Amino acid sequence: GFEMPHPRLVRTRPPGRHPLSSPWHTSPESMDLPLRFGTSAFSRWDYGQSTLDVNFRQITVGLSTENEWWGPGIRNAIVMSTNAAGIPRLFVRTARPLATRAGTFDLRLFAGGLRESPYFDTTAANDLRSISAFAVAWTPRRAPNVTVGFTRAVYAPASSWGRVPTRLLDGLLRSPGRPNNHLPGDTVVVPGPDQMFSLFGRWAFPGDGFEVYAEWARNELPTSIRDFLTAPNHTQGYTLGLQWARPVGPVGTARVQLEATYLEKSATLRDRPVGTWYTSRAVPQGYTNRGQVIGAAIGPGASSQWLAVDYFAPRWQAGVFASRIRWDGEALYTFPTTNFAGVPNKWCSHDTSVLFGVRAALRGFFGLVELSYGVDQRLNVFFHNLSVCGRDMDPRDVQDAINHTIEIRVTPP
């Protein structure tokens, strides 16, 4: 585990905030992202991956707490991923892709309740939020190896669970305005809805064992065509990736995966305010459920790169992987413009992880057993460097950490 941030790096939290709540995403752009989940062991009972549904021909309606992953990303899905706990929700979706002359369409829409973690604040009245999310994926009839899609999520405070189902159409119809990406000089924070949306695409070449994919997202809709053409990158985040596989030997296959995700602030911050991804001025807990980001696991203001190489045999597989993550880059810039030695230079103060690992899997009569082991070298944890950057940097002022992670997953036959 990691130590807590240096006291000089902690902003003053608003009254009523928990001591373990985020010391950087406080006000006006806020989110429920605890530094750690308590100071002792805990356990809880949960509904997990559970669904109760009814099929009406090509439409499925039901209740669920299952996780969903939207978009083509392998490591990061910007709008909807499996990073946070499953959202209790009412959903409507296609039971199977709808076939039309233009191709096939897969649609889903849900309204759910987002809960606050015990480590955010002492105000019970705002513990519940609603979320309405919509996704559609289209595969053209004349291009069966191409998929393009659109996702949108709208979240807002909710007074009770009874109000949550009434927000089902928010993801389609409700317009939140610009709570985070407010006009210059606007300091008013009005409780209300917030949003994010993405466009994604995937193009596969089965004969060549190759695919390329992308997800492009924003958390503010353009105000006009002129606004979009002038600054299409305003509030954007994106994921770019590819996979390539080829036969090796008589029965084996080798695969390479590459993926990069960027959620740091867009360059339009020079012209107008740009909110940090997953934080909100209108919804204090931001885009989280029980203290974890619903979208990309790297979290707010982060960027990452991923590389993996695997070998597949009929009954086993093995591989290596490496990743780099720069955590919460925008939190660093909430500190004074100079570092604590009085030097206007912060390039050595970023909180960055470099991860290396191995993974393997084995299939047999017992089912599937997957094993992975990773070593995470986290540099300058929680922006702890308090010295000068460069040759004169004092190594004693830099706090690094190493984490070892073993994961074992067993799937019965």
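How many aromatic pairs does a search of the whole structure find? The search finds 17. Please keep in mind, as we look around, that this is a predicted model.

## Aromatic pairs

Let us start with Trp24 and Phe383, whose rings form an edge-to-face pair, with 5.2 Å from centre to centre and 80° between the planes. Trp24 sits in the segment before β1 (51-56), while Phe383 belongs to the loop between β17 and β18, so this pair ties together parts that are 359 residues apart in sequence. Are these two residues buried or exposed? Both Trp24 and Phe383 are buried.

Phe365 and Phe366 offer another example: their ring centres are 5.2 Å apart and their planes meet at 70°, so this pair is edge-to-face as well. Phe365 counts as exposed because its relative accessibility is 77%. Phe366, at 33% relative accessibility, counts as partly exposed. Elsewhere, one aromatic cluster is formed by Tyr155, Trp277, Tyr278 and Tyr287.

## The nonpolar cores

In soluble globular proteins, nonpolar side chains tend to be buried together. Here, the largest nonpolar core has 29 residues, and the members that touch the most others are Met80, Phe110, Ile131, Tyr278, Tyr287 and Ile294. Two or more core residues come from each of β5 (103-115), β6 (128-140) and β7 (146-157). Of the elements, β6 gives the most, with three residues. Tyr278 and Tyr287 are familiar from the aromatic cluster, and both are on the list of core members with the most contacts to other members.

Which residues does Ile294 touch, leaving aside those up to four places away in sequence? Its contacts are Val79, Met80, Ser81, Ala84, Ile87, Leu114, Ile131, Tyr287, Thr288 and Asn289. Apart from the largest core lies another one of eight residues, including Leu332, Val381, Phe383 and Ala401. Phe383 is also the ring partner of Trp24.

## A nonpolar patch on the surface

Now for the outside. Leu258, Leu307, Val309, Val320, Val358, Leu371, Tyr373, Ile406, Ile408 and Val410 together make a nonpolar surface patch of about 870 Å². At least two of the patch residues are supplied by each of β14 (303-312), β17 (367-379) and β18 (401-411). Which strand gives the most to the patch? That is β18, with three residues.

Leu371 is one of the patch residues and is found in strand β17. With a relative accessibility of 44%, Leu371 counts as partly exposed.

Methods. Residues are numbered from 1 along each chain as its sequence is written. Side-chain values use heavy atoms; hydrogens and water are left out. Patches are made of residues with over 30% relative accessible area and no salt bridge: like charges are joined within 9 Å, nonpolar side chains (Val, Leu, Ile, Met, Phe, Trp, Tyr) within 5 Å. Accessible areas come from the Shrake-Rupley method with a 1.4 Å probe; for residues, only the protein chains shown count as cover. A salt bridge is a side-chain nitrogen of Lys or Arg within 4 Å of a carboxyl oxygen of Asp or Glu. Helices (H or I, at least four residues) and strands (E, at least two) are DSSP runs, numbered from the N terminus. Buried means under 20% relative accessible area, exposed over 50%, partly exposed in between (1.4 Å probe, protein chains only). A nonpolar core is a set of buried Ala, Val, Leu, Ile, Met, Phe, Trp, Tyr and Cys residues joined through side-chain atoms within 4.5 Å. Contact means heavy atoms within 4.5 Å. Rings of Phe, Tyr and Trp (its six-membered ring) pair if their centres lie within 6.5 Å; planes under 30 degrees apart count as stacked, over 60 as edge-to-face and the rest as tilted.
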